[in-house]
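Here are a few exercises to work through with the model open in your viewer. Try each task before you read its solution.

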Amino acid sequence: MKAQPQLGTFFLPLLAVGLVLAMVLFPDLAFKSAVQGLEVWWQIVFPALLPFFIGAQVLMGLGVVHFMGVLLEPLMRPLFNVPGAGAFVMAMGLASGYPIGSVLTARLRRQEVVSKAEAERLMSFTNTADPLFMSGAVAVGMFGQAGLAGIIMAAHYLSALATGLVLRYYRPDAPATPVEQTSGSLFHRAIQVLVKARRKDGRPFGQLLGDCVRDSVNTLLLIGGFIIIFSVIIRILTRIHLVDLLAHGFALVLQPLGVDPDINTALVSGLFEITLGTQLAAQTAAPLPHQLIAASAIIAWSGLSVHAQVAAVIQGTDISVGPYVASRLF
């Protein structure tokens, strides 16, 4: 029996052709939006994430993550049903923001420190926005009120942790990563695991550092490409009034709930890109509580740009992006 072609077989090529034609029709808009995306990446994303990427990979190569994994296993396993090494991913994700949680989760999966189900649980609640973006860029830069930073960050981080607690029941029958059997006290066992992991890696520190720098820069180049292309996409969608059309669709759902219709355009923009969406939410004429609701929803969703980055960095692993997207909706 002849297999039926999938919808994506026709839809994705048409979408790509439409994007290229739009860039040909609006070359000035495509160029300016690409420059804006490049500036965001070079001036904000690259310097903010590169040190964290390098530092995290160095710590993993030195065995520090394995050390933390043994120490924090009694905490992370009952709460989130992930190995103790997940505490390192959670801390780095909370400190440095998208998409480092997914980058580190994918690396732990490649090293078989976490199982497939554990990686999907872990990535779904550790890939969060960073505090500097929420406090500096959103609260101060967009809303002009530093006092809003605590509200925005509390809503984001508490919801992320709540999502992690719920996801401990995701695939509960999936096999868990076995704890490495060592003797002695908890701290002594952690030291043993650290030494074993360092010997297994085996790279001299100079080589380790060089590899970490190269891998981190390559990952950030990939992230930069997504930021630029989605900057172009959202500007083109705005120019051809597709954003306004989608905003009417949002209004059909949100208006019965009492949400101010002025924020619909911001929500549509945030559907694609987090920075532009939160900026538009702060600029609307809607009441402040509605602006904050919209901005928090956009930060939680993180935008299709970040989703595409996550899908790219987990390539080569068996991690599914589906649970991550579902957790963003939750």
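**Exercise 1.** Which residues in α13 meet which residues in α14? Then sort them by character and work out how the two helices run relative to each other.

*Solution.* Keep in mind that this is a predicted model.

Step 1: find the two elements. Helix α13 covers residues 274–283, and helix α14 covers residues 288–301.

Step 2: list the contacts. On the α13 side you'll find I274, G277, T278, A281 and A282; they meet Q291, A294, A295, I298 and I299 of α14.

Step 3: sort them. The contact breaks down into 7 nonpolar and 3 polar residues, with no charged ones.

Step 4: get the geometry. A helix pair is described by the angle between the axes and the distance between them. For α13 and α14 that's about 175°, with the axes 9 Å apart. Angles over 145 degrees count as roughly antiparallel, and therefore α13 and α14 are roughly antiparallel to each other.

**Exercise 2.** Zoom out and describe the overall fold of the protein chain.

*Solution.* Step 1: count the secondary structure. The protein chain has 16 helices and 0 strands.

Step 2: check the size. A compact globule of 330 residues would have a radius of gyration near 20 Å, and the 21 Å of the protein chain agrees with that. Its C-alpha atoms fill a box of roughly 65 × 50 × 45 Å along the principal axes.

Step 3: look inside and out. Of the 330 residues, 45% count as buried. The accessible surface comes to about 16300 Å², and 70% of it belongs to carbon and sulfur atoms.

Step 4: check the contact range. Take the contacts between residues at least 6 apart in sequence: 73% of them join residues at least 24 apart.

Conventions. Residues are numbered from 1 along each chain as its sequence is written. This is a predicted model: local features need pLDDT of at least 70, side-chain atom pairs count only at pLDDT 80 or more; totals for chains, interfaces and linings use all residues. Side-chain values use heavy atoms; hydrogens and water are left out. Axes are lines fitted to C-alpha atoms, for helices over the stretch in contact, and angles run from 0 to 180 degrees between N-to-C directions. Helices (H or I, at least four residues) and strands (E, at least two) are DSSP runs, numbered from the N terminus. Angles under 35 degrees count as roughly parallel, over 145 as roughly antiparallel, 65 to 115 as roughly perpendicular and the rest as oblique. Contact means heavy atoms within 4.5 Å. Ala, Val, Leu, Ile, Met, Phe, Trp, Tyr, Cys and Pro count as nonpolar, Asp, Glu, Lys and Arg as charged, and the others, Gly among them, as polar. The radius of gyration is taken over C-alpha atoms; the globule rule is 2.2 Å times the number of residues to the power 0.38. Buried means under 20% relative accessible area, exposed over 50%, partly exposed in between (1.4 Å probe, protein chains only). Accessible areas come from the Shrake-Rupley method with a 1.4 Å probe; for residues, only the protein chains shown count as cover.
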